[in-house]
There are 2 protein chains.
Amino acid sequence: MNFTINKTIFYNALQIVSHAISPNSPQPQLRGLLINAENDSLVITGSDADISIRKKIVKDEKNMLNIIEEGSILIESRYLLEIVRKIDNEYINVEIIDGALTKFSGSSAVFKINGMNPMDYPNINFSKPESFINLPVSVLQEIIEQTAFAASIKETRPVLTGVNFRFNDGKLVCTGTDSFRLARKVIPFESDASFNVTIPAKGLNEVKSSVLQNSDSSVELYMDARKAQFINEDTIIQTKLLDGAFPETDRLIPKEFLYTMNISRSDLISAIDRTTFIKTENMAIVRLQCSRDEVILSNKSQEIGESRETLAAQFEGDDLDISFSGSYVIEAARSLKGPQLKIGFTGEMKPFVIFSEGDDSVLQLVLPVKTYN
Amino acid sequence: MNFTINKTIFYNALQIVSHAISPNSPQPQLRGLLINAENDSLVITGSDADISIRKKIVKDEKNMLNIIEEGSILIESRYLLEIVRKIDNEYINVEIIDGALTKFSGSSAVFKINGMNPMDYPNINFSKPESFINLPVSVLQEIIEQTAFAASIKETRPVLTGVNFRFNDGKLVCTGTDSFRLARKVIPFESDASFNVTIPAKGLNEVKSSVLQNSDSSVELYMDARKAQFINEDTIIQTKLLDGAFPETDRLIPKEFLYTMNISRSDLISAIDRTTFIKTENMAIVRLQCSRDEVILSNKSQEIGESRETLAAQFEGDDLDISFSGSYVIEAARSLKGPQLKIGFTGEMKPFVIFSEGDDSVLQLVLPVKTYN
């Protein structure tokens, strides 16, 4: 194998693909990036067995790809990234000189690096599942930002570490929950497809940071019972799905509210953020005392002290006294976009729902916390 | 105690003083900042027992300090910083309401925090030693940047964890060494003072990040056998000195060279930086093969591979083959300022010296490493 390519374009591609790599994988092949040079294009593959990314670079006037000899190499990802990033020329030449020993040349600098045998790289099946939908990059980005943070980080119920994507009746419903809070985004949608899968939140976050870079383009999302595959231009990222039934959450979400509150999103975030250093058992449990006259946010810990402030909020309903995790409500409020929030309550020990005023597509549900004030 | 002050000015002062704090100190008082309000000024003190900082804020039109009642409080540093940074007003009021319970008020937000008894704060002696010199902030900054990094980070020889400041014969000589490399800065200076002390590098780095913010001003450096005290405007930082004799290093520094090399500083840094990922036993040992015709930088590891590049350098002397720690030479070169370096060698197993061309005040000495190429 022997090819020359523009350093910056090559580096950016390697960096995207390396998102799939676990640099400390016990399997040395999975610490590597596989590069295939054939038919006037490079195909770069990286994987940690759960998530795999493949990116193709087709020869053009910008990348100036010149394949002198076809072939493939497998090189430890971190060495490859270091060399290509720092090489002393606008172009880099990559050549196998002996077995897996690969030479990288810039202007004066030359590296000869011990690669691995590409034949030992696991066979990753990038075949496309049949069912698919097409989403603008900006929409997929919003789905991930507004739901993935609410997934569980504990492995006790593995299915909760993912975001459920359910599509039927012309609606794509995306739900993340760790059983203490829930995030839901609903996109109306025309398609013949029908699916109900749970995609690991980790995979979605990799999708966001690797393929969703050009927000003007669109993403094809292919799914079957085993994997989800995202295709954007010349990049494919696929992740295995989570097994097990995602909990039925529809009935948990109240549709009508006995109490409602309207508040500026940034005011709510600042007020809670001011008080989260006051922790009890490592959690900031914030208390909201609402009446038509006044909404008071307070927090108290035996050890540290207490805080109290009046919020500039409009509250409708009977008096309400409710406590919750400050960081859950901050994360929920941060994920919603608009300037104004509406919060709907149904009772002091019942889940409450946070909406962005003027955006029906997304809701954030939070369970209150029992306190003994 | 009861005072009101501009939030931003108060926060900046607290942040400077908190540099002295070890947030996880086993002694709760030392996790706190002590604030004394008297005579139209606030005095803020923080300490980890080795390093202590005291900053005074005198009432003026910018800080709008208004002391309604004199007194003192001792509050855990991280709570104080959180509250003052995030308070919902341009001004903050601080008031003792009961014993050590202290109230912080902004516009709507109110915090009542459990403080500690100021009487329990250790008595820190901020008296000025007699011997002192006066340095421009920019000069002290350069001394610290060019010497402190070369001090040892291992506690095996405690005196090497500091920078030696020796003043006599009209010269201030500052030396840092970990016994594998040495950094020396010499400042010609008029003063009657005479001293030879070793200041912990940690303390110097705190001086740099806390008091050396206004580079137009000057610093008074007071010293006796036990402590060094730096005074800049309204800030005092003092550190205990390291015991033990600092090694005699003058004779280690060659004055004449058998071989010399001239090279662009950025070229040398880039060339070494490109190859430091090739490590043997976790160290990048770089080899320089010099002749009048060519200077070659190379690096080799059994496991990873090798690199080789020709440097655009002018070399004078017989052929020379020398190996050294890449990161030591990068750190030395980074600390020197000018565009062009001169490196003087006296032999393949003898220390070599890196100068910044046109700046005689500073030198960096590095010991070569024996290799079996």
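# Two copies, one sheet and a few notable residues

In this predicted model, a rotation of 180° with 0.0 Å of shift along its axis superposes chain A on chain B, with an RMSD of 0.0 Å.

Biologist: As by what kind of axis are the two copies related?

Modeller: Chain A is superposed on chain B by a rotation of 180°, and the shift along the axis is 0.0 Å. The two copies are thus related as by a two-fold rotation axis.

Biologist: Which residue of chain A has the C-alpha nearest the axis?

Modeller: The axis in question is the one about which a rotation of 180° superposes chain A on chain B. In chain A, the C-alpha nearest that axis lies 16 Å from it, and the residue is N24(A).

Biologist: What percentage of the interface residues of chain A are also interface residues in chain B?

Modeller: The copies meet through the same surface. That follows because the share of chain A interface residues that are also interface residues in chain B is 100%.

Biologist: Which strands are the edge strands of the open sheet of chain A?

Modeller: The open sheet has eight strands with antiparallel pairing, in the order β6-β2-β3-β4-β17-β16-β15-β10 of chain A. Strands of a sheet pair through backbone hydrogen bonds, either parallel or antiparallel. An edge strand pairs on one side only, and in chain A the edge strands are β6 (71–76) and β10 (131–136).

Biologist: Which residue in β15(A) stands opposite L135(A)?

Modeller: The strands β10(A) and β15(A), the latter covering residues 218–223, pair in the antiparallel sense over six bridges. Along this pairing, I133(A) stands opposite L221(A), while the residue opposite L135(A) is V219(A).

Biologist: Which residues make up the uncovered face of β10(A)?

Modeller: In a regular strand the side chains alternate between the two faces of the sheet. In β10(A) the covered face holds S131(A), I133(A) and L135(A), and the uncovered one holds F132(A), N134(A) and P136(A).

Biologist: At about what angle to β10(A) does helix α3 of chain A run?

Modeller: Helix α3 spans residues 137–147 of chain A and lies across β10, β15 and β16 (227–232) of that chain. Relative to β10(A), the helix runs at about 95°.

Biologist: Does G176(A) count as buried or exposed?

Modeller: G176(A) lies in strand β12, residues 171–177 of chain A. Beyond its neighbours within four places in sequence, G176(A) is in contact with several residues, including T147(A), G162(A) and R181(A). Its relative accessibility is 0%, so G176(A) counts as buried.

Biologist: Over which ring does the charged end of R181(B) sit?

Modeller: In chain A, the charged end of R181(A) sits over the ring of Y328(A), 4.0 Å from its centre. In chain B, the charged end of R181(B) likewise lies 4.0 Å from a ring centre, and the ring is that of Y328(B).

Biologist: How many of the ten residues of helix α6 of chain B are buried?

Modeller: The buried residues of α6(B), which spans residues 326–335, include Y328(B), V329(B) and I330(B). The helix is largely enclosed by the rest of the structure because the number of its ten residues that are buried is seven.

Biologist: Does N39(B) count as buried or exposed?

Modeller: N39(B) is in the loop between β2 (32–38) and β3 (41–47) of chain B, and its phi is near 50°, a positive value in a residue other than glycine. With a relative accessibility of 63%, N39(B) counts as exposed.

Technical notes:
Residues numbered from 1 in each chain as written. Chains lettered and ligands numbered in written order. Predicted model: local features only at pLDDT ≥ 70, side-chain atom pairs only at ≥ 80, totals over all residues. Heavy atoms only, no water. Lys NZ or Arg CZ within 6 Å of the ring centre and 35° of its normal. Least-squares fit on C-alpha atoms with pLDDT ≥ 70 in both. Contact = heavy atoms within 4.5 Å. Helix = DSSP H or I, 4+ residues; strand = E, 2+ residues; numbered from the N terminus. Buried < 20%, exposed > 50% of the residue type's maximum accessible area, 1.4 Å probe, protein only. Pairing = 2+ DSSP bridges. Axes fitted to C-alpha atoms, helices over the stretch in contact; angles between N-to-C directions.
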